[in-house]
Structures are given as structure tokens and as C-alpha cells.
Amino acid sequence: MIVGTVKEIKNHEYRVGLTPESVHELAAHGHAVLVESGAGEGIGANDALYERAGATIVAAAAEVFAKVEMIVKVKEPQPVERAMLRPGQILYTYLHLAPDPEQTRDLIASGATCIAYETVTDAAGGLPLLKPMSQVAGRMSIQAGATALEKANGGRGVLLGGVPGVLPAKVAVIGGGVVGFNAAQMAAGLGADVTILDRNPEVLEKLGIHFEARAKTRFSNRANLAECVAEADLVIGAVLIPGAATPKLVSADMLKSMKKGAVLVDVAIDQGGCFETSHATTHADPTYIVEGIVHYCVANMPGAVARTSTYALNNVTLPHALRIADLGWKAALARDPHLLAGLNVWEGKVTYRAVADDLGLPYTAADEAIA
Ligand SMILES: NC(=O)c1ccc[n+]([C@@H]2O[C@H](COP(=O)([O-])OP(=O)(O)OC[C@H]3O[C@@H](n4cnc5c(N)ncnc54)[C@H](O)[C@@H]3O)[C@@H](O)[C@H]2O)c1
């Protein structure tokens, strides 16, 4: 198969769909790989590195779109990219179609076979192609929080781990899923006094077994939340209720009970956020202050560590990309119901139920595509 990747053109997106190492794997499987010149700049991978891995470098994205059978990207295609897709071409990337009627309309019109990273499943019922970005965001949340706690940034002037003779900072992590687990791991590793709140007893049990005495677990109810938030130097918002808006667990009123200069990092901001006073910010201007409390609410945290994020993403996307390239999309999807779950648009039809329902479009079962 001819596979290709292009330079991401969404604002401040530095990740890339294929690393040189992924190109190497595809080439070793006998596939031709076209890479737009400069596609890997954001991760420090130049054209020569891609060429050595077996890629053919082409000057313009248009040439990649025109020649390849499968495009591997990171972000949803932008309007100018959507206009270059053609019937039967495979698009393999994050799509997030449910809130995006324009993109969905264009993908339907393109006739392309569109596989969305975010809806590919695994045997444990998870979303394995989303997981690495949650791992990155969870780990980054502690770095971001530690910086925001510095006095010059509006924080209390507290070092997370303390020093001998001075107590460490108190970190409350709300939500003990992928983001929360990774945040807790970083905070505990730095020596902070960590409490993780969740309302799922099984999650609490797993966290308890993993962290032992390095982090406390606490059931998430109003009273416990209020107490932890009031005591914390740093609060991480890491809650997710699949398919629903994030509940506002920390009200504007609760900020009054907090220590001045404490920090809230709302990782869940991409789903609306779990603090009432949260609004999305950017890496260029990541924080703002309400009631003396520093808020960090960057919606695309992994973008700041494009290199780590790209490699983490490729680790999970490449195995599927290889199977699609080796077998053709139809056979690859027919063999793997979890990859089939990623099919969102095919031959002008919406094949993912939630997208069709949310946008009021007719739904076609993905099974039809592989029949
Ligand atoms: N800002 C970013 O750049 C970025 C990057 C990755 C993920 N995220 C977001 O981070 C959020 C968390 O993602 P995740 O992968 O960890 O999800 P997850 O499903 O792994 O974990 C969510 C956890 O929240 C818990 N929870 C639900 N209601 C709760 C409540 N009332 N109190 C305490 N805990 C509660 C669940 O039991 C679960 O353990 C999501 O909104 C996700 O979209 C943001």
C-alpha cells in the first residue's frame, strides 16, 4: 500500500502522524511511504531522518493526498485537507466528529474511509488510542501545577516535595482514571502529600494496592471533596463520565475555602472542566486567577510535549496502521472488531452511532462496510 503523512496545519499542532521509526516499520512490511517535507519538524525529525527510514519526501501536502491510499495524521483534517480526500482513500487520525457537523459533512462528501483513533476500542472496554494522551496530560498536570505554584506565577510559593524539615505540598487528584493515576504517580514521585478521590470502589481499590502508603485514596462525595480542596495546595481535575458533560465538582463558592495562591489544574477542560470557574486556555497564556486561586486549563496539554506525545501515539496507532496496510482496510476491520469500532465514515455514510445520533444524521452499521 502507499501510505503517507503530512505536516499538521491545525494551530499550534506540532505532533506528526508517523515517526521515522514508524516509517521504517511500514517500509519493512513492503509499503511505500510518502512524507511531506518538514512534517516531522515539530518533533525534531528532519527530512533526512525520514529518508533514511525509507520514506520518499515530497514538497507539498497536495502530492501526498493525491498519491497515497492511506493518510495517517494526528488532528482532524482541516477544510483544505478535507477538500483533497477522495473516494476510497483511507483517513486514519483523531476525528472527534460528534461536535463537528462541518467536518462530518465534508468527510461524507469525500467518500473516504475514515477511521477515528478515539473510537477504536480494546478487549477491556477501554479506548487504547486515547490512553497515551491521557497519560501525557496526567503527568504534565503536575509539572504545570508545580510551575503555577511558584510565587512569580501567582502561586503560594510552595515546592511540591518540600525539603527536609519542611512539609511537602498537598495534592488532591479528583478522578483516579488514566489522567489521575499518572498525575498521582508524578506527584508521589516528587514527594508530595497526595490524595486521590474517585467514586468507583474498584478504582479506589486498584489505586490503594498500587500506591500503598505513597498516596491516600478517598471516596469522592461532597463533604470529602470540600475538605480535600480546602486543604490542597494543588488540585488536579481528572474526572470523566463517558458520554456526558463533566460535572462541576468544585463550585465557585468552594474557592473561598481554599488557600490563596493554591492551584487548580483542570485536565478535564476538554470535556467542559470540573471546576465551575474553569474556561479553556492555551499554551501561550495557560493560567488565570479567580479569588486568588491560579487556574491552569489548557485543552490540548499533550501538544506542548509534541515529541513524547507523537511517540506515545505512534506506539498504539502503528500496529493498526500496519494491519490496514498489510491486509487492506476491509480485511483488517473484518478481523478486528475493536478496529472496526473506529470506522466513523465510509462511502458517504456515518458508521458510528453516537456521531449519527448527535448530528441527526442517518446511521449505517459499520458491519455493512465489511460485508
Ligand atoms: N486537557 C487535555 O489536554 C487532556 C488530555 C487527555 C485527557 N483529557 C481529559 O481528562 C479527563 C480524564 O480522562 P481519563 O482518561 O483519565 O478518564 P478515565 O475514564 O480514565 O478516568 C475518569 C475517572 O473519573 C472518575 N469519576 C467520575 N465521576 C467522579 C466523581 N464525581 N468524583 C471523582 N471521580 C469521578 C471515574 O470513576 C474514573 O475513574 C477527560 O475529560 C479527558 O478528556 C484532557
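In this predicted model, E291 touches L255, K256 and K260 when residues up to four places away in sequence are not counted. The residue lies in the loop between β12 (287-290) and β13 (293-296). E291 is classed as partly exposed because its relative accessible area is 37%, and the class runs from 20% to 50%. The phi angle of E291 is near 55°, a positive value in a residue other than glycine. Most residues other than glycine have a negative phi. P247 is 44 residues from E291 along the chain, and the C-alpha atoms of the two are separated by 21 Å. A positive phi is also found at H12, which is not a glycine and has a value of about 60°. H12 is located in the loop between β1 and α1.

That loop also holds E8, with β1 spanning 2-5 and α1 spanning 20-28. The side chain of E8 meets that of K73 in a salt bridge, with an N to O distance of 2.9 Å. K73 is placed in the loop between β4 (70-72) and α4 (79-82), and the pair links distant parts of the chain, 65 residues apart. K73 has a relative accessible area of 0% and is therefore buried. E8 is likewise buried, at 6%, since the limit for this class is under 20%. Salt bridges that share partners join E8 and K73 with E81 into one network.

The salt bridges of the model come to 13 in count. Side chains of opposite charge can pair when their charged atoms come close. Another of these bridges is formed by D106 and R82, whose closest N and O atoms are 3.0 Å apart. D106 belongs to helix α5 (residues 101-110) and R82 to helix α4, so the bridge ties together parts that are 24 residues apart in sequence. R82 is buried, with a relative accessible area of 9%. D106 also meets R105 in a salt bridge, at 3.4 Å from N to O. R105 has a relative accessible area of 52% and is therefore exposed. The two arginine partners of D106 thus fall into separate classes, R82 being buried and R105 exposed.

D336 is a charged residue without such a partner: it is buried yet has no salt bridge. The nearest side chain of opposite charge is that of R323, 4.5 Å away, whereas a salt bridge requires a separation within 4 Å. D336 lies in the loop between α11 (329-335) and α12 (337-340). Leaving aside neighbours within four places in sequence, D336 is in contact with H320 and R323.

The largest nonpolar core holds 41 residues. The members that touch the most other members are V23, L26, Y50, M70, Y92, I115 and I324. Helix α10 (residues 306-327) gives the most to this core, contributing 8 residues. For I324, the contacts beyond four places in sequence are M1, M70, I90, I115, W329, A332 and L339. Two of these contacts, M70 and I115, are also listed with I324 as members that touch the most others in the core. A second core, separate from this one, has 31 residues, including L160, V179, I196 and V294.

V265 is placed in strand β11 (residues 263-266). Its relative accessibility is 0%, and V265 therefore counts as buried. Not counting residues up to four places away in sequence, V265 touches S141, G145, L234, V235, I236, G237, F275 and Y296. V265 and V35 are 230 residues apart in sequence, and their C-alpha atoms are 36 Å apart in space.

On the surface, L159, V163 and V166 form a nonpolar patch. Together these residues have about 280 Å² of accessible area. L159 is found in the loop between α6 (131-148) and β7 (170-174). With a relative accessible area of 56%, L159 is exposed, because the limit for that class is over 50%.

Notes. Residues are numbered from 1 along each chain as its sequence is written. This is a predicted model: local features need pLDDT of at least 70, side-chain atom pairs count only at pLDDT 80 or more; totals for chains, interfaces and linings use all residues. Side-chain values use heavy atoms; hydrogens and water are left out. Patches are made of residues with over 30% relative accessible area and no salt bridge: like charges are joined within 9 Å, nonpolar side chains (Val, Leu, Ile, Met, Phe, Trp, Tyr) within 5 Å. Accessible areas come from the Shrake-Rupley method with a 1.4 Å probe; for residues, only the protein chains shown count as cover. Helices (H or I, at least four residues) and strands (E, at least two) are DSSP runs, numbered from the N terminus. Buried means under 20% relative accessible area, exposed over 50%, partly exposed in between (1.4 Å probe, protein chains only). Lys and Arg count as positive and Asp and Glu as negative; His and the chain ends are not counted. Contact means heavy atoms within 4.5 Å. A nonpolar core is a set of buried Ala, Val, Leu, Ile, Met, Phe, Trp, Tyr and Cys residues joined through side-chain atoms within 4.5 Å.
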